[in-house]
Amino acid sequence: MGSIKLHTISKKFGQRQVLHDINMEIQDGEFVVVVGPSGCGKSTLLRIVAGLESPSSGDLEFDGRAATHMPAHARNIGMVFQNYALYPHMTVFDNLAFGMTARKSSRQEIQQRISEVADLLEIGSLLKSKPGALSGGQRQRVAVGRALVRNPYMFLMDEPLSNLDALLRERMRVELRRLHDRVRIPTLYVTHDQTEAMTMADRIVVMRDGRILQVGTPDEVYSRPNSVFVAQFLGSPPMNLVRVERRSEASLVLEGSEGTAFPAPDGIRRATDSAWWMGFRPERIIRSHGGASGLAMTASIRAIETLGSRYHVHANWGRFPITWVTPEAPGLMPGSQVALTVSWNHVHWFHRDTEQRVPEDAALDFPVEAGGIR
Amino acid sequence: MMDGDLSAGAPRGTARPNILSRLGRLQHYALTETLVGYGLILPSLLVFLVFYYGPAIFLLYISFFHWNIFANRSTFVGIHNFLVLANQPLFWQSLLNTGYYVLLVVPVTTLLALGLALLLREARNIRGGGLSQALVFLPHVTPVVATSIIWAWIFDPNFGLANAVLRWLHLPQIGWLASAHWALPSVMIYTVWHSVGLYTVLFLAGLSTLPKQVLEAAQMDGARGWLAFRRIVLPLISPITFFVILLATITTMQTFSQIYTLTGGPHGGAGGPAFSTTTDSLLIYQTAFLYLHFSLASAMSFVLFVLILAVTLVQKFIADRMVFYR
């Protein structure tokens with residue numbers, strides 16, 4: 001076991017470049033989730049690590065040793081495919097045993113490993129069945145077992161949960177993560193599902209158009225997204241974003257609005273741009289009963305979705321649609337007005353032209369006494 | 001059908017007639033559907049009955065008669081024709097020849113086709129891959145009689161290409177079709193050349209349905225080359241392999257045209273030297289159309305039919321244990 005390093009990996013399919021200079025590292029025992037919309041190159045990245053594709057340029061290192069040109073069968077990587085790719089003509093036992101047979105393990109060793117893994121994944125009763133007779137969840141376990149049984153150097157998982165129904169997916173999410181905590185094999189997990197990324201990862205890698213946008217723990221990436229794309233991609237419902245523009249050096253207004261002005265933070269005051277994205281998470285909005293300091297807004301409610309544990313309130317602030325997530329919504333109804341507040345340290349600022357985050361130290365260093373401008 | 005439509009004829013408020021009329025309608029539709037179905041298969045059924053099953057049953061019928069074609073008279077002789085066959089060494093010889101022919105041609109063709117398909121699959125993305133595939137398939141679309149005549153020239157002991165190649169390789173030359181020892185193998189060479197393209201294409205079709213991710217999973221599992229082929233590819237294409245073997249067996253057991261054309265066709269279809277190429281189908285032809293023993297030839301045909309059926313059933317029996325259907 002050990003680390004995996006990717007140095008400036010690029011990949012071209014004909015004229016189309018699908019990966020641009022990818023640099024990343026997976027530490028020993030780490031669970032890294034690569035997340036991004038379909039077509040962002042995340043699966044290609046995984047296949048390059050697997051050895052199923054070779055990079056157009058760049059280097060791959062396993063535990064400090066060059067692995068760029070190592071053939072897939074020599075890499076000792078356990079891979080779980082999206083459609084499981086079990087050997088349909090073999091029993092579950094033979095599916096698990098195949099990799100060890102190929103590596104010429106002794107019969108006794110194979111028996112022992114399989115019974116260990118079967119216990120761990122609770123598939124002992126399925127060993128004599130063929131994949132065709134198994135349910136989706138069982139196949140999923142067998143696929144994980146097949147990758148696990150020969151004690152691989154690392155795990156690669158390509159959207160392994162996307163063929164399961166919602167309930168099972170939630171359960172397997174927890175189980176896979178628990179399994180990882182037990183075996184501690186470094187794992188690279190690819191998904192387009194931000195919930196999987198948030199709940200399972202030690203570190204998240206957000207990708208788009210063949211580039212890495214941000215790397216960090218789920219908390220870091222969620223609470224300090226470095227671009228508008230990351231801010232909207234992670235989180236459900238996504239972060240509210242409104243366009244604001246400068247009215248004077250020290251105050252901002254909603255774009256195209258003559259209404260309420262609010263103070264500009266330092267970083268923005270110093271910058272020369274005149275237009276910004278202002279973002280805030282739906283669950284960071286609170287109902288203001290006067291006195292609370294922060295970004296204040298008066299919104300008119302368009303619709304209210306009831307989810308049981310919470311409500312999604314869709315409203316308009318000026319001409320911008322916003323979503324507010326609240327555990328209780330007494331007295332609210334479509335058409336009514338509501339006063340809302342977001343604490344200033346939960347407000348995110350992005351440059352309008354580059355869509356990059358305004359650095360924290362500048363943006364958060366906010367003049368508290370100016371909070372009262374209405 | 002619409003509810004209102006169905007109950008239209010029945011008085012309102014009385015449930016029974018309504019249900020009955022509905023049942024009647026349903027039966028009516030089912031009957032119509034059945035009739036339409038039979039109507040649709042009728043034309044091909046007629047063709048099969050008149051030109052296929054009819055003659056086949058007639059063939060079995062006349063094999064129990066002594067049928068004199070000139071006197072247009074037939075006498076019932078029971079199993080006499082079959083007894084004649086059992087006591088005729090040439091008939092046994094023809095069965096041996098057929099067995100020899102089938103047992104060599106089928107495995108060679110199957111293995112060669114599989115090998116070619118694997119090569120062509122590897123070559124499919126390189127320049128000329130598609131052309132090679134077409135070239136392999138090409139012989140199969142040529143008329144057997146025409147290309148047999150070409151191959152008869154190739155096999156000519158004095159001026160043929162086959163012996164020229166042997167000369168060039170400094171190997172002893174062979175009499176080919178003129179030799180009792182080599183005549184049937186020469187026909188085999190022709191048959192493999194002519195039919196391997198079809199089976200190659202079948203194998204290619206089978207290989208193209210292999211699930212890509214399963215092969216990749218095997219690669220990740222550390223298997224490659226022969227191990228991956230034997231444990232993953234071969235079992236997954238086993239239905240195609242079974243189909244190819246079955247088809248090749250049936251067609252080679254019935255081979256006639258190339259044997260007739262290559263060995264003695266121009267001289268009245270006598271077969272190769274010392275009956276060396278007299279397979280059962282050639283013997284049936286000779287018996288029926290040279291010696292005009294139609295009843296005897298019918299008996300032979302029936303025996304051939306039973307043999308092919310038996311071989312097919314045995315193959316099916318084996319396949320049920322070895323073939324994996326996804």
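Let's start where two parts of chain A meet: about 940 Å² is buried between domain 1 of chain A and domain 2 of chain A, with carbon and sulfur atoms giving 50% of that area. Keep in mind that you're looking at a predicted model. On the domain 1 side, A:Tyr222, A:Arg224 and A:Val228 lose the most area to domain 2 of chain A, and together they make up 52% of what that side buries.

So where do these two domains sit in the chain? The assignment for chain A puts domain 1 at 4–232 and domain 2 at 241–372. Their C-alpha centres are 39 Å apart. Where they touch, nine residues come from domain 1 of chain A and 10 residues from domain 2 of chain A.

What about polar links across this contact? Between domain 1 and domain 2 of chain A there are six residue pairs in polar contact, counting pairs with both residues at pLDDT 80 or more. Salt bridges are another story: the rule finds zero of them across this interface.

Now look at the helices on the domain 1 side. Helix 7 (218–223) and helix 8 (228–233) of chain A each supply at least two residues of the side that touches domain 2 of chain A. Helix 8 of chain A gives the largest share, three residues. By type, the residues on this side of domain 1 of chain A split into four nonpolar, four polar and one charged.

Finally, hop over to chain B. Its assignment also gives two domains, domain 1 (3–50) and domain 2 (88–322). The C-alpha centres of these chain B domains lie 51 Å apart.

Notes. Residues numbered from 1 in each chain as written. Chains lettered and ligands numbered in written order. Predicted model: local features only at pLDDT ≥ 70, side-chain atom pairs only at ≥ 80, totals over all residues. Heavy atoms only, no water. Domains from an automatic or database assignment. Contact = heavy atoms within 4.5 Å. Buried area = accessible area lost by both parts, 1.4 Å probe. Salt bridge = Lys/Arg side-chain N within 4 Å of Asp/Glu carboxyl O. Polar contact = N/O pair within 3.5 Å; in protein donor to acceptor, adjacent residues only side chain to side chain. Helix = DSSP H or I, 4+ residues; strand = E, 2+ residues; numbered from the N terminus. Nonpolar A, V, L, I, M, F, W, Y, C, P; charged D, E, K, R; others polar.
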